[in-house]
Amino acid sequence: MSLDQNLNKILIIDFGSQFTQLIARRIRELGVFSEIISHKKLNSKFENSQIKGIILSGGPLNVYQSKKVKFNNKIFKWKKPILGICFGHQVISKELGGKVKKAKNREFGLAKLRRLNKSKLTKNFFNKDGSNNVWMSHADEVTKLAKGFKVIAKTETSKFSIVENLSKNFYGIQFHPEVTHTKKGKIILKNFVFSICEMKKNWLSKNQKKLLIRNIKNEVGNSKVICALSGGVDSSVVAKLLHNAIGNQLTCVFVNNGLLRKNEEKQVIKTFKEKFKINIIYVDAKNLFLNKLKRISDPEKKRKIIGNLFIKIFENYAKKIKNVKYLAQGTLYPDLIESKSVTGSQTSKIKSHHNVGGLPKKMKLKLIEPLRLLFKDEVRKLGLELKLSKEIVLRHPFPGPGLAIRMPGEITKDKIKILKDADYIFINTLKEQNLYAKIWQAYAALLPVKTVGVMGDNRTYEYICLLRAITSEDGMTADTYNFSKSFMQFVSNKIINNIKGINRVVYDITSKPPSTIELE
């Protein structure tokens, strides 16, 4: 499901940067709608749309590799303000007559930027001494400016770090204002959106709710929809959104695949059937899933098996309900980004998500994914607008494949029982000690390794429990949460003393990147 094309927008042209989605998110945080499109798909149909400004993203390519970079330079004739970031800055210079070469001195990490001239783009951005720390990530550089451009700021090794052509409203910056490492980077984007593009705020939770409900009504018509409900934030928001839009045309199907959190099924039924009065069918498919997953260790195979089984179950119930045309899912923007390039750019695939890359190629139901262009924080705000409880809206993310991807190696009933109990203790302890709300996502995992331990005078040979807790803004990047030593000792002792099968607890301190949030 696409968002309303009649909204005024900032168009972001993606050249394959891992930061492109952060640009979109920063613009939306300013209260303005932004849309991403691959540079490969850019064509003239956008010329007369509601575009008020254009941002060219960074990317892994070199502008002088003409065979790989085919850029539609007609956008320079659209008379729209343009901001090029990193690779986008180099594209502007090259296409308009400047020169870009391999840099003698590459810049990766923090660099000190110094102001040379004033600009609308940099108002309130620099410190009193005319400097600021910015995040650089480039091996090429602009060596000659295009005609009509002047330098606004430079670093020690990049003399054209900010440039502008005031008459055409074209701007280029070599650093990344969208990442948190650039001090006051959001001010650059704010100045571009409001002062240069003269946009007005149009992207608020209330607007999103109305827009998405209208889109759902227009797409679904009189057809029936089944919603894949898991009880997590995303599927809960989708279910409530659909119920508000089409009422009894919606039936939620909650599948217990045996890989849920402890007591999850009871909570979901109570919330959606009893509180919200939404049509819901409970399917106990524990044995079906576990039989199919027997002796499967490869994480991608796990995801594919789970995704295919979910779809088969939904299609079976669609036949029973009759006149069901759509399957609704809680797919988010980061899901699409990690499973495949949502824009068709050079962004690499990281892993399949069971509800994106894990779906079968041929499906009898049409997918409806109202949240597919939203980030997690936007979904949470939307959930509150839909009057979902904070308990639901602020829940930590839980993967669709469930505990299957939190126990590397073969899945067994015994391991599931051990992991459910460990996770339950960890999460409850976080809540009891008022830490849960400070953490983006936390979970326990069971490693496919046994180690020797000693309890009393007896030797044990049991599993290692891995704990993970991270902080994040949107799930695209993440840092480890720093627990106190006393907390870690307390929760470790509690898990080992109460769960037979675990004799060692470890804590994962790896950020994202280089790792992903989940183990598989």
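Select Lys 417 to begin: its relative accessible area is 51%, so Lys 417 is exposed. Here exposed means over 50% relative accessible area, buried under 20%, and partly exposed in between, with a 1.4 Å probe and protein chains only. The model is predicted: local features need pLDDT of at least 70, side-chain atom pairs count only at pLDDT 80 or more, and totals for chains, interfaces and linings use all residues. Residues are numbered from 1 along each chain as its sequence is written, and side-chain values use heavy atoms, with hydrogens and water left out.

**Stop 1: Lys 417 and helix α12**

Add Asp 421 to the selection. Lys 417 and Asp 421 form a salt bridge, with the closest N and O atoms 2.7 Å apart. The term covers a side-chain nitrogen of Lys or Arg within 4 Å of a carboxyl oxygen of Asp or Glu. Both residues belong to helix α12 (residues 413-432), where a spacing of 4 residues separates them by about one helical turn. An α-helix has 3.6 residues a turn, so residues three or four places apart point the same way. Helices (H or I, at least four residues) and strands (E, at least two) are DSSP runs, numbered from the N terminus. Unlike exposed Lys 417, Asp 421 is buried, at 15% relative accessible area.

**Stop 2: from α12 to α13**

Go to Glu 432 and Lys 494. The closest N and O atoms of this salt bridge are 3.8 Å apart. Glu 432 lies in α12 and Lys 494 in helix α13 (residues 485-498), so the pair ties together parts 62 residues apart in sequence. Glu 432 is exposed, with a relative accessible area of 55%, while Lys 494 is partly exposed at 26%.

**Stop 3: a buried pair and a network**

Select Arg 261 and Glu 264. Their salt bridge has its closest N and O atoms 3.2 Å apart. Is Glu 264 buried or exposed? Glu 264 is buried, with a relative accessible area of 1%, and Arg 261 also counts as buried, at 13%.

Then select Arg 25, Arg 26, Glu 29, Lys 186 and Asp 377, which are linked in a network of salt bridges. The structure holds 18 salt bridges.

**Stop 4: helix α1**

Helix α1 (residues 20-29) is mostly covered, with 9 of its 10 residues buried. Among the buried residues are Leu 22, Ile 23, Arg 25 and Arg 26. After α1 comes Gly 31, whose phi is positive, near 90°.

**Stop 5: Ile 85 in strand β4**

Move to Ile 85, in strand β4 (residues 82-85). Ile 85 is buried, at 0% relative accessibility. Which residues does Ile 85 touch, not counting residues up to four places away in sequence? The list includes Ile 23, Ile 55, Leu 56, Ile 173, Phe 175 and Leu 189; a contact means heavy atoms within 4.5 Å. Ile 162 is 77 residues from Ile 85 in sequence, and the two C-alpha atoms are 9.6 Å apart in space.

**Stop 6: backbone exceptions**

Most residues other than glycine have a negative phi, and most peptide bonds are trans. Lys 79 is not a glycine, yet its phi is positive, about 60°. Lys 79 sits in the loop between β3 (51-56) and β4, and is exposed at 78% relative accessible area. Asn 323, also not a glycine, has a positive phi of about 60°. Look for Asn 323 in the loop between α8 (299-321) and β13 (324-328); at 54% relative accessibility it counts as exposed.

Now select Lys 512, Pro 513 and Pro 514. The bond from Lys 512 to Pro 513 is cis, with omega near -15°, and the bond joining Pro 513 and Pro 514 is cis with omega about 15°. Pro 513 is in the segment after β18 (502-507), as is Pro 514.

**Stop 7: the whole chain**

Zoom out. The protein chain has 13 helices and 18 strands, and its C-alpha trace spans about 75 × 65 × 40 Å along the principal axes. Its radius of gyration of 25 Å agrees with the value near 24 Å for a compact globule of 520 residues; the radius is taken over C-alpha atoms, and the globule rule is 2.2 Å times the number of residues to the power 0.38. Of the 520 residues, 59% count as buried. Among contacts between residues at least 6 apart in sequence, 75% join residues at least 24 apart.
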